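Open the model in your viewer and keep the selection box at hand. We will go step by step, and each stop tells you what to pick and what you will find there.

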Amino acid sequence: MRFHTRKWIKPEDLNPNASLFGGRLLEWIDEECALYAIIQLENQKVVTKYMSEINFISSATQGDIIEIGIDVVKFGSSSLTLKCEVRNKMTRETIISIENIVMVGLDEIGKPKPHGKSKIEFVKDRLKD
């Protein structure tokens, strides 16, 4: 799993139990998956179609640093299926895991747009020397 983004848990990220609010974490995951899909599919019109069961394993509290990891599960004709794990950066303890997050690339009128991709590409490999 490649961990792309780190977040520092601040007071505004907490729920009444003084732990990380699940909705905030899901917002960060959704944004991270969208950014990843936009780059992979080379399409800025990407939406979240589906998230499988969300498994909260542990929590985070104020001052913790978490990191969001994403791996590609598969490429569809117009979609990209990802899996995600969020962990505590210092303890490496898993906070949440989501096995399938389907992101779909859209065309100008909001319909699924085939992307022709079948493997992970790195931006550096797209650049010509």
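Before the first stop, one term: helices are DSSP runs of at least four residues, numbered from the N terminus. By that rule, glutamine 40 is found in helix H1, which covers residues 22-41. Keep in mind throughout that this is a predicted model.

**Stop 1: the whole chain**

Show the protein chain as a cartoon and look for two helices and six strands. Following the sequence, you meet them in the pattern β-α-β-β-β-β-β-α. The C-alpha atoms fill a box of roughly 45 × 35 × 20 Å along the principal axes.

Now think about contacts. Of those in the protein chain with a separation of 6 or more, 67% are between residues 24 or more positions apart. Switch on a surface, and you are looking at about 7,900 Å² of exposed area, with carbon and sulfur atoms supplying 50% of it. Of the 129 residues, 38% count as buried.

You can also color by charge. The chain has 19 positive and 19 negative charges, and their mean positions are 5 Å apart.

**Stop 2: helix H1**

Select residues 22-41 to bring up H1. This helix has 20 residues and reaches 28 Å from its first C-alpha to its last, close to the 28 Å expected at 1.5 Å a residue. The buried residues of H1 include Trp28, Cys33, Tyr36 and Gln40.

**Stop 3: glutamine 40**

Stay in H1 and show the side chain of glutamine 40. Is glutamine 40 buried or exposed? Its relative accessibility is 4%, and buried means under 20%, so glutamine 40 counts as buried.

What does glutamine 40 touch, leaving out residues up to four places away in sequence? Select Phe75, Leu80, Lys117, Lys119, Ile120, Glu121 and Arg126 to see its contacts. Then zoom in on glutamate 121: its backbone oxygen lies 2.7 Å from a polar atom of the glutamine 40 side chain.

**Stop 4: two positive phi angles**

Here is some background for this stop: most residues other than glycine have a negative phi. Move just past the end of H1 to glutamate 42, which takes a positive phi of about 55 degrees. Glutamate 42 is found in the loop between H1 and strand S2 (46-51).

Next, select arginine 92, in the loop between strand S5 (79-88) and strand S6 (94-105). Arginine 92 has a positive phi of about 65 degrees, although it is not a glycine. With a relative accessible area of 44%, arginine 92 is partly exposed.

**Stop 5: two serines**

Start with serine 97, which sits in strand S6. At 18% relative accessibility, serine 97 counts as buried. Leaving out residues up to four places away in sequence, serine 97 touches Glu53, Ile54, Asn55, Ile57, Cys84 and Glu85.

Then go to serine 118, in the loop between S6 and helix H2 (123-126). Exposed means over 50%, so serine 118, at 65% relative accessibility, counts as exposed.

For a last exercise, use the distance tool from the C-alpha of serine 118 to the C-alpha of lysine 49. These residues are 69 positions apart along the chain, and their C-alpha atoms are separated by 19 Å.

Methods. Residues are numbered from 1 along each chain as its sequence is written. This is a predicted model: local features need pLDDT of at least 70, side-chain atom pairs count only at pLDDT 80 or more; totals for chains, interfaces and linings use all residues. Side-chain values use heavy atoms; hydrogens and water are left out. Buried means under 20% relative accessible area, exposed over 50%, partly exposed in between (1.4 Å probe, protein chains only). Contact means heavy atoms within 4.5 Å. Accessible areas come from the Shrake-Rupley method with a 1.4 Å probe; for residues, only the protein chains shown count as cover. Lys and Arg count as positive and Asp and Glu as negative; His and the chain ends are not counted. The place of a charge is taken as NZ of Lys, CZ of Arg, CG of Asp or CD of Glu. A polar contact is a pair of N or O atoms within 3.5 Å; within protein, one must be able to donate a hydrogen and the other to accept it, and residues adjacent in sequence count only if both atoms are side-chain atoms. The expected span of a helix is 1.5 Å times one less than its number of residues.
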